[in-house]
Structure formats: C-alpha cells, structure tokens
Amino acid sequence: MASSLAVCRPTRVSVIGAGNVGSTLAQRIVEHNLADVVLLDIVGGRPEGIALDLLEARGLEGHDRRIVGTTEYAATAGSDVVVITAGLPRKPGMSRDALTRANAQIVIEATRQAVAQSPEAIFIIVTNPLDVMTYLAWKVSKLPPPRVMGMAGILDSARFQVFIAKELGLSPIDIRTMVLGGHGDLMVPLPRYSTVSGIPITELMDASTIDRLVERTRNGGAEIVELLRTGGAFYAPASSAYTMVETILLNQPRLLPIAAYLQGEYGLNDLYLGVPARLGCGGVESILELKLTDEERIALHKSAESVRYTLEYALDLL
Ligand SMILES: NC(=O)C1=CN([C@@H]2O[C@H](COP(=O)(O)OP(=O)(O)OC[C@H]3O[C@@H](n4cnc5c(N)ncnc54)[C@H](O)[C@@H]3O)[C@@H](O)[C@H]2O)C=CC1
Ligand SMILES: O=C([O-])CC(=O)C(=O)O
C-alpha cells in the first residue's frame with residue numbers, strides 16, 4: 001500500500017556501549033515504546049546482532065520503535081538523549097575507582113564523538129566511577145552543566161527501597177528513599193528522608209536494623225559483582241537509566257537523585273555528586289538543597305572528598 005503520510009521525526013536515544021547495561025537499557029526503551037534507539041559499540045557485530053534480535057521481538061512485544069546497531073557515530077546523529085555505558089565493569093574485590101584510568105579514555109572518546117553528532121542532546125553517564133566519569137564527559141563535551149548528568153542515586157535509592165521493603169514485609173511501592181553523595185563506598189543513604197507511606201523509617205525500625213540496611217545499600221553493587229563473578233549488576237541499573245530517559249523525554253516533573261554539577265550547593269563547588277534534582281526536557285532544571293544534620297553533612301562532604309581525589313587523578317589524564 002503506497003503511503004502519502006508525512007515523515008515524522010521520531011525521538012531518538014543513542015546508547016553507547018552495547019554490553020549488559022547498554023543492551024538492557026535499549027530493550028527497556030523500545031519495549032516501553034518510548035523512543036527509537038541507536039546502539040553503538042566498539043566491537044563490531046555485537047550492537048548489530050543485539051539490534052536485530054530486539055527487532056525480531058517487535059511484533060511479539062507490540063511496539064513500533066526502531067533499533068539500529070552500529071559501530072559508527074554518524075548513525076547516532078541528531079539524538080535527543082545520549083547514554084554512555086561504554087567501559088569496563090569491575091571484578092570481585094576491585095573498587096569502582098580502580099576503573100578510572102581505563103574508563104576515562106573510553107568515556108572521553110565516546111563523549112567527543114557523540115557530542116559532535118548530537119550537539120543538542122542531553123547526556124546521561126553510567127560508566128564507573130560514575131561521578132568522575134560524568135565530570136569528564138561534561139568537561140570534554142563543553143555542554144552546559146544541566147545537559148550532562150550521571151545515573152547512580154536512583155539505583156542506590158532503589159536498592160535501599162527494596163531492602164527496607166523486605167525487612168518490613170511490605171511492597172516497595174509505598175516506600176520512598178533518598179541516597180546522596182558519590183556512587184561509592186561512602187554514599188550517604190538518608191533514613192530521615194526515607195519513608196513508608198509518608199512515615200519516616202526511623203519510626204518503624206530500630207537504629208541497628210537501619211544501619212544494617214544502610215550498609216547493605218552501600219555494598220549493593222559489590223554484592224552483585226561478588227555473586228556474578230564476571231561483570232556487575234545491569235537490570236536495576238538499566239531500569240534506573242530508563243527512568244531518567246523517560247523523565248527527560250516525557251518532560252515529567254520529577255524530583256530524582258542524580259549526579260549533578262554542584263556550584264555551591266551543599267557547600268560544594270565544581271564537582272558532580274548525587275543530589276536530588278528536578279529533571280525535565282532541558283536536563284537538570286534545579287537542585288534541591290535538603291536540610292541536613294551535622295552528621296549527614298559531614299558524611300556528604302567525606303563522600304565528596306573521595307570523589308574529588310579520584311577526579312584530580314582523572315583530570316591529569318586529560
Ligand atoms: N552508574 C551505575 O550505577 C552503574 C555503572 N555501571 C558501569 O557501567 C559500565 C558498563 O557496565 P556493563 O554494561 O555491565 O559492562 P559490559 O562489559 O557488559 O559492557 C561494556 C561495553 O562497552 C563496550 N566498549 C568498551 N569500550 C568502548 C568504546 N571505546 N566505545 C564503545 N563501546 C565500548 C564494550 O565492548 C562492552 O560491550 C561499567 O563501567 C560499569 O561499572 C554498571 C552498573 C551500574
Ligand atoms: O558495582 C558495580 O561495579 C556496578 C555499579 O556501580 C552498581 O551496581 O552499583
């Protein structure tokens with residue numbers, strides 16, 4: 001049947017890195033019918049194969065989104081959102097910071113190439129160490145800070161949410177949690193701002209139970225790395241990145257913990273760190289400065305110091 005319909009420009013998301021996180025994110029995006037996806041990897045065959053496989057499920061999953069697998073940045077041109085998941089995952093016993101040297105080169109190159117093709121895009125960084133890689137991507141992209149952000153706080157908060165749900169024998173649906181700081185061992189889960197149907201968890205659990213769940217949240221990534229033995233978590237990370245992409249593309253007014261560029265907020269400057277932010281179609285619209293106790297503030301600054309230490313090492317690689 002010949003068609004005389006106008007050609008529409010569909011929303012396009014490019015996912016750089018077709019590994020576990022990238023390919024799962026691509027699947028989430030097309031199967032939620034959110035946007036077309038360009039999946040890029042340095043290893044030829046992998047993105048093309050995954051794209052074809054996802055495409056063959058299109059009729060079964062009932063969506064109309066296109067997915068292209070490629071090794072060529074030209075295919076990503078005109079993307080609305082670019083998500084960078086390219087890079088090495090850690091091995092059991094390794095810290096995320098130990099990935100800095102290898103992943104800095106990958107993220108810098110991926111950002112340079114992607115921004116040249118999509119200068120209007122919003123960039124979401126996933127590669128670890130997250131806060132440092134997000135800073136590097138922002139620096140080399142030369143984009144304004146609201147258009148570059150990192151994914152971690154949503155994942156860390158989701159883990160805390162599920163651990164609380166399990167402890168209380170409740171559905172996670174009614175549980176809201178907040179985790180601030182760098183995506184590392186010093187992240188700052190905030191029990192005072194974590195609630196069950198509006199009730200702070202501090203009213204529902206004793207201090208030692210909360211401490212145990214906070215500790216498990218801090219070790220959430222490492223727990224999965226130890227279990228899998230090769231690679232790290234990818235289902236919950238892909239869901240977390242999906243949440244950010246959806247919020248931006250649908251311009252949903254949501255307040256989410258993300259790695260955002262700080263310019264004096266929380267007494268911190270010139271650093272990407274996990275904070276609650278309002279996202280929208282322009283990226284990070286504003287950062288919410290929560291009132292913190294002295295103890296929470298000290299913990300946040302300790303986490304920031306650790307991110308800055310690794311950042312200074314990474315900036316020397318530029
Ligand atoms: N921010 C967060 O909360 C999370 C971060 N991560 C991080 O995300 C990254 C990816 O994790 P996975 O997908 O599990 O790893 P993976 O090893 O499954 O996939 C990484 C992919 O990147 C590709 N790649 C490597 N160099 C590239 C380049 N120069 N250009 C394009 N592609 C390139 C590889 O070929 C591979 O397909 C890791 O650094 C991991 O630590 C993972 C989970 C959560
Ligand atoms: O732990 C890792 O290496 C991957 C990651 O960041 C997470 O799952 O939180």
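In this predicted model, helix α5 and helix α10 (residues 294–315) pack with their axes coming within 9 Å and crossing at roughly 45 degrees. That angle makes α5 oblique to α10, and the crossing of the two helices is right-handed. On the α5 side, the residues that take part are Asp-131, Val-132, Tyr-135 and Leu-136, and they meet Val-307, Thr-310, Leu-311 and Ala-314 of α10. Sorted by class, the residues of this contact comprise 6 nonpolar, 1 polar and 1 charged.

A look at the domains helps to place this helix pair. The protein is divided into domain 1, spanning 12–150, and domain 2, spanning 153–317. Taken over C-alpha atoms, the centres of domain 1 and domain 2 are separated by 21 Å. The contact between them involves 36 residues of domain 1 and 35 residues of domain 2. Several elements of domain 1 each supply at least two residues of the side that touches domain 2: the helices α1 (20–31), α4 (100–117) and α5 (130–141), together with the strands β4 (81–84), β5 (122–125) and β6 (148–150). Helix α5 provides the largest share of that side, with 7 residues. By class, the side of domain 1 that touches domain 2 holds 23 nonpolar, 5 polar and 8 charged residues.

Attention can now turn to the ligands, beginning with ligand 1. There are 35 residues around ligand 1, and those that come nearest are Gly-19, Val-21, Ala-86, Asn-128 and Pro-237. Both domains take part in this shell, as domain 1 (12–150) and domain 2 (153–317) each contribute at least three residues. Among the secondary-structure elements, α1 and α4 each supply at least two residues of the shell around ligand 1, and the largest share, 4 residues, comes from α4. The class composition of the shell around ligand 1 is 19 nonpolar, 12 polar and 4 charged residues. Helices α1 and α4 also each supply at least two residues of the side of domain 1 that touches domain 2.

Ligand 2 has 14 residues around it, of which Arg-90, Asn-128, Gly-221, Gly-232 and Ala-233 come nearest. Asn-128 thus appears among the nearest residues of ligand 1 and among those of ligand 2. The shell around ligand 2 likewise draws at least three residues from each of domain 1 and domain 2. Helix α8 (residues 220–228) gives the most to the shell around ligand 2, contributing 5 residues. In terms of class, the shell around ligand 2 contains 7 nonpolar, 5 polar and 2 charged residues.

One further helix pair rounds out the picture. The axes of helix α6 (residues 153–168) and helix α7 (residues 207–218) come within 9 Å and cross at roughly 140 degrees. Helices α6 and α7 are therefore oblique to each other, and their crossing is right-handed. From α6, the contact is made by Asp-156, Arg-159, Phe-160, Phe-163, Ile-164 and Glu-167, while α7 brings Thr-209, Leu-213, Arg-216 and Thr-217. The residues of the contact of α6 with α7 divide into 4 nonpolar, 2 polar and 4 charged, and those of the contact of α5 with α10 into 6 nonpolar, 1 polar and 1 charged.

Methods
Residues numbered from 1 in each chain as written. Chains lettered and ligands numbered in written order. Predicted model: local features only at pLDDT ≥ 70, side-chain atom pairs only at ≥ 80, totals over all residues. Domains from an automatic or database assignment. Contact = placed C-beta atoms within 7 Å. Nonpolar A, V, L, I, M, F, W, Y, C, P; charged D, E, K, R; others polar. Axes fitted to C-alpha atoms, helices over the stretch in contact; angles between N-to-C directions. Parallel < 35°, antiparallel > 145°, perpendicular 65-115°, else oblique. Left-handed = near helix turned anticlockwise from the far one by under 90°. Near = placed C-beta within 6 Å.
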